[in-house]
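Subject: Structure handover

Hello,

Here is the structure we talked about. Please open it first, then read the notes below.

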Amino acid sequence: VNIDLISLYDMIFAKGKFSKSMDGIAPKVNDHGTIKLVRCRHPLLSGGSVPLDFEIGDRYRSLVITGPNAGGKTVVLKTVGLIALAVMSGFHIAADASTEVAVFDRMFVDIGDNQSLENALSTFSSHMKNIAEIMRQANRNTLLLFDEIGSGTEPNEGAALAIAILEEFYQMGCMTVATTHYGEIKEFSERHPDFMN
């Protein structure tokens, strides 16, 4: 009992010290899928990170992020994911007090390269395997984060497949944030009333 109690207090004090070290706040929390980050900072990047303003859930449920290959798109995905997990775990976050974060049933991420020579799994195959598994488990209250969706194969095929995947997750009611270089995906998100580019 003493060890359990000491562990509990240790965690509470650690969360408090962490919050104090980054001037953390307790954001507003909702259960209807709205995320509104105001001057939010990645919790693990030190002082040099640029504060992020980000919004999804009110006017659109799917966001496609485009831009040059400089790492910024992936940092946005990771920041949104870490902030959502931190809030759901009871941590304060480094953000403006007007920040609001949804509590999701599930959160899935497809970032990076899971290529495996042992399993004859290409970069593209590993992404498709991951996305298929996500599709089996996702529900209406799921946050999805996809980095360079549809990449790793012939561009026209990859773009068409990515659009089909995004549309399917939209029909399932998921909240989706995806990065891309494909013009076809950008055009799709411009035409779709519930997507934002």
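Start at the N-terminal end of H4. Glu154 caps it, with a side-chain oxygen 3.2 Å from the backbone nitrogen of Asn156. Bear in mind that this is a predicted model.

**Helix H4**

H4 covers residues 155-171. Its 17 residues should span 24 Å at 1.5 Å a residue, and the end C-alpha atoms are 24 Å apart, so the two agree. Gly158, Ala159, Ala162, Ile165, Leu166 and Phe169 are buried in this helix. Viewed down the axis, the buried residues of H4 fall within an arc of 125 degrees, so they line one face. The face turned away from that buried side carries exposed residues: Asn156, Glu157 and Gln171.

What covers the buried residues of H4? The cover includes strands S4, S7, S8 and S9 (195-196), along with helices H3 (123-137) and H5 (183-191). Just past the end of H4, Gly173 has a positive phi of about 90 degrees.

**Arg61 and Gly173**

Gly173 comes up again here. Its backbone oxygen lies 2.4 Å from a polar atom of the Arg61 side chain. Arg61 itself is in the loop between S3 and S4. Leaving out residues up to four places away in sequence, Arg61 touches Ile56, Arg140, Gly173, Cys174, Met175, Thr176 and Asp194. Take Asp194 from that list: Arg61 and Asp194 are 133 residues apart in sequence, yet their C-alpha atoms are 6.0 Å apart in space.

**Helix H3**

H3 is one of the elements that cover H4. The reverse also holds: the buried residues of H3 are covered by elements that include strand S6 (106-110), S7 and H4. Which residues of H3 are buried? They are Phe124, Ser126, His127, Met128, Ile131 and Ile134. The length of H3 checks out too. Its 15 residues should span 21 Å at 1.5 Å a residue, and the end C-alpha atoms are 22 Å apart, which agrees.

**The nonpolar cores**

In soluble globular proteins, nonpolar side chains tend to be buried together. The largest nonpolar core here has 27 residues. Ile35, Leu37, Phe54, Val80 and Leu143 have the most contacts inside this core. Several elements each supply at least two of its residues: strands S2 (35-40), S3 (52-56), S4 (62-65), S5 (100-102), S7 (142-146) and S8 (175-179), plus helix H2 (72-88). Which element gives the largest share of this core? H2 does, with seven residues.

Apart from this core lies another, of 21 residues. Among them are Phe124, Met128, Phe188 and Phe195. Phe124 and Met128 are also on the list of buried residues in H3.

Leu143 is worth a click. Neighbours within four places in sequence aside, Leu143 is in contact with Ile35, Val80, Ala84, Phe104, Arg106, Met107, Phe108 and Met175.

**Two residues in H2**

Leu77 sits in H2. Its relative accessible area is 1%, so Leu77 is buried. With neighbours within four places in sequence left aside, Leu77 is in contact with Ile111, Leu145, Phe146, Asp147, Val177 and Thr179. Leu77 and Thr179 are 102 residues apart in sequence, and 8.3 Å apart in space, C-alpha to C-alpha.

Lys73 is also in helix H2. Is Lys73 buried or exposed? Its relative accessibility is 8%, and buried means under 20%, so Lys73 counts as buried. Residues up to four places away not counted, Lys73 touches Ile65, Thr66, Gly67, Pro68, Glu148, Thr179, Thr180 and His181. Thr179 is thus a shared contact of Leu77 and Lys73.

**Ser19**

Helix H1 (residues 2-21) holds Ser19. At a relative accessible area of 10%, Ser19 is buried. Beyond its neighbours within four places in sequence, Ser19 is in contact with Gly24 and His92.

**Cysteines**

How many disulfides does the whole structure have? A search finds zero. Cys40 counts as buried, at 1% relative accessibility. Cys174 is buried as well, at 0%. Cys174 is also one of the residues that Arg61 touches.

Best wishes

Definitions and conventions. Residues are numbered from 1 along each chain as its sequence is written. This is a predicted model: local features need pLDDT of at least 70, side-chain atom pairs count only at pLDDT 80 or more; totals for chains, interfaces and linings use all residues. Side-chain values use heavy atoms; hydrogens and water are left out. A disulfide is a pair of cysteine sulfur atoms within 2.5 Å. Buried means under 20% relative accessible area, exposed over 50%, partly exposed in between (1.4 Å probe, protein chains only). A nonpolar core is a set of buried Ala, Val, Leu, Ile, Met, Phe, Trp, Tyr and Cys residues joined through side-chain atoms within 4.5 Å. Helices (H or I, at least four residues) and strands (E, at least two) are DSSP runs, numbered from the N terminus. Contact means heavy atoms within 4.5 Å. The expected span of a helix is 1.5 Å times one less than its number of residues. The arc is that of the directions from the helix axis to the C-beta atoms. A polar contact is a pair of N or O atoms within 3.5 Å; within protein, one must be able to donate a hydrogen and the other to accept it, and residues adjacent in sequence count only if both atoms are side-chain atoms.
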